[in-house]
Amino acid sequence: MKIVMIAGSNRAGATSTFLLRYIGRLLQGHQISVTCIELKELELPLYSPDNEELNPNVQYVLEMVKSADGLILATPEYHGSISGVLKNALDYMNASHVSGKPVLSVSSAGGPVGVSSLTHLQSIIRNLHGVNSPEWISIGAGSHGFDPDGVPLDAGMRERVEGAVEKFLDLTRMLTVDVMSLR
Ligand SMILES: Cc1cc2nc3c(=O)[nH]c(=O)nc-3n(C[C@H](O)[C@H](O)[C@H](O)COP(=O)(O)O)c2cc1C
């Protein structure tokens with residue numbers, strides 16, 4: 001199983017990116033192959049439908065997404081929605097990259113929860129014909145702390161993250177099952 005994660009913050013020290021890295025380590029603990037694309041490091045030009053030639057960073061992101069069995073997308077909540085850098089990356093994608101793939105949405109908000117950004121992200125995934133995981137993850141005010149190893153300080157948060165990741169992995173296993181092996 002191959003999981004590709006995209007960190008949608010353009011901020012050094014972003015809590016959404018810390019959380020994604022933590023999720024990546026949880027997955028590696030399950031012997032799952034993980035690629036984490038951090039859009040702060042891998043800059044993508046602004047999407048334009050007029051540009052027919054794809055920038056190499058864009059090509060890399062699209063190849064990774066296409067090759068993934070499942071996707072995990074993280075965003076800060078900006079003005080009740082997702083970040084511009086993540087939206088820009090998603091604008092390059094179409095159903096050929098995402099269709100039928102399970103997607104786990106993750107957000108970090110300044111308020112108690114980031115439901116607006118998560119709802120918007122799930123709507124975009126639906127429009128790309130992806131399959132939204134039954135749980136999502138929101139870290140808000142009060143659960144932004146991480147220890148020096150990048151582990152969330154809040155025990156309840158760790159439990160919720162693990163539960164949401166388990167449900168995402170169950171869905172990914174169901175959707176990637178080898179149909180021939182069932183015959
Ligand atoms: C431009 C901007 C818009 C924001 N809008 C919201 C918002 O609508 N709701 C909210 O709860 N927090 C909002 N915040 C706060 C961020 O969501 C919060 O700081 C979050 O933890 C950032 O995630 P990060 O640590 O991954 O950068 C906003 C912050 C910025 C910079």
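Visitor: Accessible areas here come from the Shrake-Rupley method with a 1.4 Å probe, and for residues only the protein chains shown count as cover. So how much area does the chain expose, and what share do carbon and sulfur atoms supply?
Guide: Bear in mind that this is a predicted model: local features need pLDDT of at least 70, side-chain atom pairs count only at pLDDT 80 or more, and totals for chains, interfaces and linings use all residues. Residues are numbered from 1 along each chain as its sequence is written, and side-chain values use heavy atoms, leaving out hydrogens and water. The chain exposes about 9100 Å², and the carbon and sulfur share is 51%.

Visitor: In what order do the helices and strands come?
Guide: Elements are DSSP runs numbered from the N terminus: helices are H or I with at least four residues, strands E with at least two. There are six helices and six strands. From the N terminus on, they run β-α-β-α-β-α-α-β-α-β-β-α.

Visitor: What radius of gyration does the chain have, and why does that agree with a compact globule?
Guide: The radius is taken over C-alpha atoms, and the globule rule is 2.2 Å times the number of residues to the power 0.38. For 183 residues that rule gives a value near 16 Å, so the chain agrees with its own 16 Å.

Visitor: Is β3 mostly covered or not, and how many of its residues are buried?
Guide: Take buried as under 20% relative accessible area, exposed as over 50% and partly exposed as in between, with a 1.4 Å probe and protein chains only. In a regular strand, side chains alternate between the two faces of the sheet. For β3, G70, I72, A74 and P76 are buried on one side, and L71, L73 and T75 on the other. Strand β3 (residues 70-76) is mostly covered, with the buried count at seven of seven.

Visitor: Which strand does β3 join over six bridges?
Guide: Two strands pair if DSSP finds at least two bridges between them. Strand β1 (residues 2-7) pairs with β3 in the parallel sense over five bridges, with M5 opposite I72. On another pairing, P76 of β3 stands opposite S108. The six bridges, also parallel, lead to residues 102-108, strand β4.

Visitor: What covers the buried residues of α3?
Guide: Helix α3 (residues 84-91) has L86, N88, A89 and L90 buried. Contact means heavy atoms within 4.5 Å. The cover includes β1, β3 and α5 (115-127).
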